[in-house]
Amino acid sequence: MKYTKILVPTDGSEFSDIGEIRALRVANELGAKVVILSIAETDVSFGFRYKSAASALSDALIEESEENIEHAKEIAKDFPNVDIEYRIEKGRPAAVILDTLENEDFDLLVIGSSGKSGVNKFIMGSVAERVVSHANCDVLVIHKVK
């Protein structure tokens, strides 16, 4: 299969960086387009008594997504011939990734997995695990256990 359009969600982590580099290498070899997506989880109002606290957290998460994209742009400087689109979306990460895959013609998803296990995995959930089980294209998971 020839990959022509690759989705790379980023959260600024080491695993996202590795995934971005791998996706860019593939894209460079095959002439594929890469979409780098950072998601600001804005559904954070639960548990806050005052809307201003939820709004401040939401603003901080959007700012973090902007920083993730700037970091991704730094990594991408080593791949000047690759067609790259950068996006920031708001919502629940797994849902946004799956919606993006469903609504566009991606051939490959490259996603980092933090390697969390036990209680941390139960509490935090696993975006990569949810996405992998529902993705409608090939998936490359970057996974390292710490």
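**A parallel five-stranded sheet**

Thr10 stands opposite Ser38 in strand S2. In this predicted model, the chain passes from S1 through helix H1 (residues 14-30) to S2, and the β-α-β crossover is right-handed. Strand S1 spans residues 5-10 and pairs with S2 in the parallel sense. Six bridges connect S1 and S2.

Strand S2 covers residues 33-40. Seven of its eight residues are buried, and the strand is mostly covered. S2 also pairs with strand S3 (residues 83-90), again in the parallel sense. Eight bridges link S2 and S3. Within this pairing, Val35 has Glu85 of S3 as its bridge partner.

S1 is further joined to strand S4 (residues 108-113). Two bridges connect S1 and S4, and the strands run parallel. Leu7 stands opposite Leu109 in S4.

The full sheet is open and has five strands. Their order is S3-S2-S1-S4-S5, with parallel pairing. S3 and strand S5 (138-143) stand at the edges. Each has a single partner strand, so one side of each lacks a neighbour in the sheet. Neighbouring strands are turned against each other by 20 degrees on average, direction ignored.

Two helices can be placed relative to the sheet. H1 lies across S1, S2, S3, S4 and S5. H1 runs at about 165 degrees to S1. Helix H3 (residues 93-103) also packs on the sheet, touching S1, S2, S3 and S4. The direction of H3 makes about 150 degrees with that of S2.

Key
Residues numbered from 1 in each chain as written. Predicted model: local features only at pLDDT ≥ 70, side-chain atom pairs only at ≥ 80, totals over all residues. Heavy atoms only, no water. Buried < 20%, exposed > 50% of the residue type's maximum accessible area, 1.4 Å probe, protein only. Helix = DSSP H or I, 4+ residues; strand = E, 2+ residues; numbered from the N terminus. Pairing = 2+ DSSP bridges. Right-handed = clockwise from strand over helix to strand, strands pointing away. Axes fitted to C-alpha atoms, helices over the stretch in contact; angles between N-to-C directions. Contact = heavy atoms within 4.5 Å.
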